[in-house]
Amino acid sequence: MICVALPGLAISTAQGQLNGNGLEGFYRGGRRLLSRCQVRVAGREPLVVQARMITAGRVRFVGTLRASPGSRPDPDVVVERMRDADGTERITLRSAALRPLRLPLEVALGTDLADLSTIASGRTAGELSATVRDSGLRWSCDTASASVTADPPPTDALASAGLLRWEFDLPAGGTASVELRVRQDGAGPVRAVGRTATSPFAPAYAVGDASQAGGLLRTSVDDLRALLLRDPTHPADLYLAAGAPWRCGPAPAEALAAARMALPLGTRLAAGTLRALARTQLKGSGPQSGMIPGPRRDAGPHLPPGCTGTEATLLFPTLLAEARRWGLPERETEDLLPTAERCLTWLRTTVGDGTYLSEPPLGGPVRCDTQAHAHRAALLGADLLDAFGRPGAAELLQWAQELRSAFREDFWVEDRTGGRPAAARAPDGRLLPHLGGAAVHLLDTGLLGGGEPAPGLLDKVQTEQLARLLGCPAMDSGWGLRGLAAKEVGYNPFGHRAGAVRVQETAVAVAGLAAAGYEKEAGSLATGVLAAAEAFGHRLPEMYSGEQRKDGSVPVPHPAACRPSATAAASGVLLLTALAGIRPDAPARAVTLRPVRSAPLGEIGLMGLRVAGAPFSVRVSRLGLALVEEAADGLQLGV
């Protein structure tokens with residue numbers, strides 16, 4: 001049970017007790033402030049009968065016990081624990097006994113004040129010694145100190161045992177409560193960005209035949225709010241952490257990708273993300289000048305780790321261009337344009353006289369998905385430059401045309417089934433033919449004016465073949481798209497990019513397939529993810545096992561997946577809006593609707609989105625016909 005309201009985090013099992021095992025504890029800014037919080041009532045642990053997430057940052061545990069003398073089988077005391085990621089926990093005792101009860105409540109506390117990376121590596125030391133402080137206990141080490149205070153103050157506080165104790169006299173039907181507050185000394189209360197700031201997200205919701213859609217959109221927006229961070233030097237700029245518990249800090253490529261998928265909720269997140277990352281752009285005259293830096297990332301069993309800095313640099317102009325289409329004001333767009341121009345200059349400089357973009361360090365394989373990112377950045381970047389009268393658009397369009405022509409010849413692997421795009425070209429020109437989830441980026445061509453998608457790297461026949469491959473059982477697990485086809489060498493249903501279902505890639509595939517007209521494949525992947533979301537309580541992890549769906553089965557969690565995850569939460573938004581086919585062009589005061597005609601979710605209404613800075617609501621009927629129910633004044637509907 002992971003509660004998130006960054007910078008606060010609380011992790012426990014479904015039993016509610018914090019026993020100091022594994023990752024259990026209350027965290028702030030990546031440091032564990034409390035690892036043990038064990039509740040006993042009348043000398044016994046309550047039997048937990050329910051654990052339920054209330055929001056992304058709050059969980060409720062309900063336990064019961066028998067406290068009255070006699071042999072009645074029914075419990076007569078309910079113990080409720082309401083735990084919040086901001087470091088508070090409220091313990092409430094409710095008596096259903098027919099006579100007064102005296103109930104001792106004991107809470108055993110402890111901590112190691114370890115940081116998350118140390119805990120994840122299994123190198124933690126033992127618990128620290130506690131001291132009694134005010135109405136609770138305090139712990140300290142060389143680098144930090146923390147305390148737990150209680151309201152009302154405990155009757156007894158034993159530092160040596162880390163124990164707080166109360167005696168409650170409850171009348172028949174009476175209640176008593178204790179609130180614990182976990183604080184890092186000198187830091188003040190946790191003020192979660194998603195709770196204290198005006199939300200950058202529209203209050204969107206979904207209605208219709210598929211109840212899973214409403215739960216997915218509601219929970220996705222809740223998760224996105226929980227993962228919000230502020231730029232420490234410019235607090236008005238918000239962006240998303242990658243996910244909890246492992247990646248609670250900024251990850252440029254994931255932050256840009258999530259902001260792009262969340263554009264139907266408004267452009268404020270995109271603007272804050274772009275401004276924050278613009279300040280990290282590398283300057284100077286070296287080969288990396290103009291890049292948005294990012295770490296390397298595992299690419300599966302067939303390729304070396306990839307450079308997320310390359311992906312982030314190419315996503316920057318893409319996000320800026322599409323945010324403008326969704327309604328980012330022209331002035332804000334123009335302010336960010338110099339950073340986008342430097343990204344595009346880095347792209348053309350790195351390609352040089354060649355055709356393909358290689359990731360640093362040079363000399364490695366030329367990756368298929370990197371070419372897709374680069375091609376999209378060139379086309380959408382040229383569109384931006386033209387719109388603001390900046391030079392360089394013609395050169396980018398010419399290179400994109402050359403890349404398309406070469407890619408269709410150089411990256412296509414012919415076989416008896418109709419062929420497939422190669423995952424990469426080795427430095428010696430040899431093609432790496434394995435089929436994986438990264439191929440979906442070939443369908444993510446980007447949005448131009450008039451609601452038209454940009455041209456892609458594949459021709460029509462190749463696109464049709466890729467759609468067929470993505471819809472086959474080797475790739476479609478029934479719960480979403482595998483990161484590597486089940487028939488490929490190295491397939492592992494739990495492999496990060498070797499067979500696990502990655503929600504972001506599945507949502508990108510749904511959007512790309514729907515835009516290209518391959519509704520059967522798009523609908524199958526979409527309904528699979530919705531079924532998985534329902535099994536996960538609508539809180540999708542970033543990935544889960546790629547095991548094949550069977551009658552009566554449920555998706556198997558991945559032990560290392562972030563949940564909540566920024567890209568998974570934003571994917572819920574993209575998946576639903578892609579089925580409605582919303583293609584805005586705010587500068588032209590127009591929006592085009594191209595819904596999936598097969599209506600795989602039946603009738604669906606997406607209410608309270610934002611287009612052109614105003615609320616936007618659309619309903620798609622069971623016949624696949626779209627009707628706008630709310631829109632900005634003067635917004636024209638295209639077809």
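## Exercises on a predicted model

Cys 248 counts as partly exposed because its relative accessibility is 23%. The model is a predicted one.

**Exercise 1. Which class, buried or exposed, does Cys 562 fall into, and how many disulfides does the model hold?**

Step 1. Take the accessibility of Cys 562. It is 1%.

Step 2. Apply the cut-off. Buried means under 20% relative accessible area, so Cys 562 counts as buried.

Step 3. Recall the bond. A disulfide links the sulfur atoms of two cysteines covalently.

Step 4. Set the distance rule. The two sulfur atoms must lie within 2.5 Å.

Step 5. Count. The rule gives zero disulfides. For Cys 248, the nearest cysteine sulfur belongs to Cys 562 and is 7.3 Å away. For Cys 562, the nearest is that of Cys 248, at 7.3 Å. Neither Cys 248 nor Cys 562 is in a disulfide.

**Exercise 2. Check the span of helix α13 against its 15 residues.**

Step 1. Locate the helix. Helix α13 covers residues 566-580.

Step 2. Work out the expected span. The rule is 1.5 Å times one less than the number of residues. For the 15 residues of α13, this gives 21 Å.

Step 3. Compare with the model. The end C-alpha atoms of α13 are 22 Å apart, which agrees.

Step 4. Look past the end. Gly 581 comes just after α13 and has a positive phi of about 65 degrees.

**Exercise 3. Where is Thr 577 found, and which residues does Thr 577 touch?**

Step 1. Place the residue. Thr 577 is part of helix α13.

Step 2. Judge the helix. α13 is mostly covered, with 15 of its 15 residues buried.

Step 3. Judge the residue. Thr 577 has 7% relative accessibility, so it counts as buried.

Step 4. List the contacts. Leave out residues up to four places away in sequence; Thr 577 then touches Pro 264, Ile 582, Leu 606 and Leu 609.

**Exercise 4. What is the strand order of the open sheet, and which strands are at the edge?**

Step 1. Recall the pairing. Backbone hydrogen bonds join the strands of a sheet, in parallel or antiparallel fashion.

Step 2. Read the order. The open sheet has four strands, β1-β2-β4-β5, with antiparallel pairing.

Step 3. Find the edges. β1 (2-5) and β5 (31-34) each pair on one side only, so they are the edge strands.

Step 4. Add the twist. From one strand to the next it averages 25 degrees.

Step 5. Zoom in on one pair. β4 (residues 25-28) and β5 run antiparallel and are joined by three bridges. Tyr 27 stands opposite Arg 32 in β5.

How values were computed:
Residues are numbered from 1 along each chain as its sequence is written. This is a predicted model: local features need pLDDT of at least 70, side-chain atom pairs count only at pLDDT 80 or more; totals for chains, interfaces and linings use all residues. Side-chain values use heavy atoms; hydrogens and water are left out. Two strands pair if DSSP finds at least two bridges between them. Helices (H or I, at least four residues) and strands (E, at least two) are DSSP runs, numbered from the N terminus. Axes are lines fitted to C-alpha atoms, for helices over the stretch in contact, and angles run from 0 to 180 degrees between N-to-C directions. Buried means under 20% relative accessible area, exposed over 50%, partly exposed in between (1.4 Å probe, protein chains only). Contact means heavy atoms within 4.5 Å.
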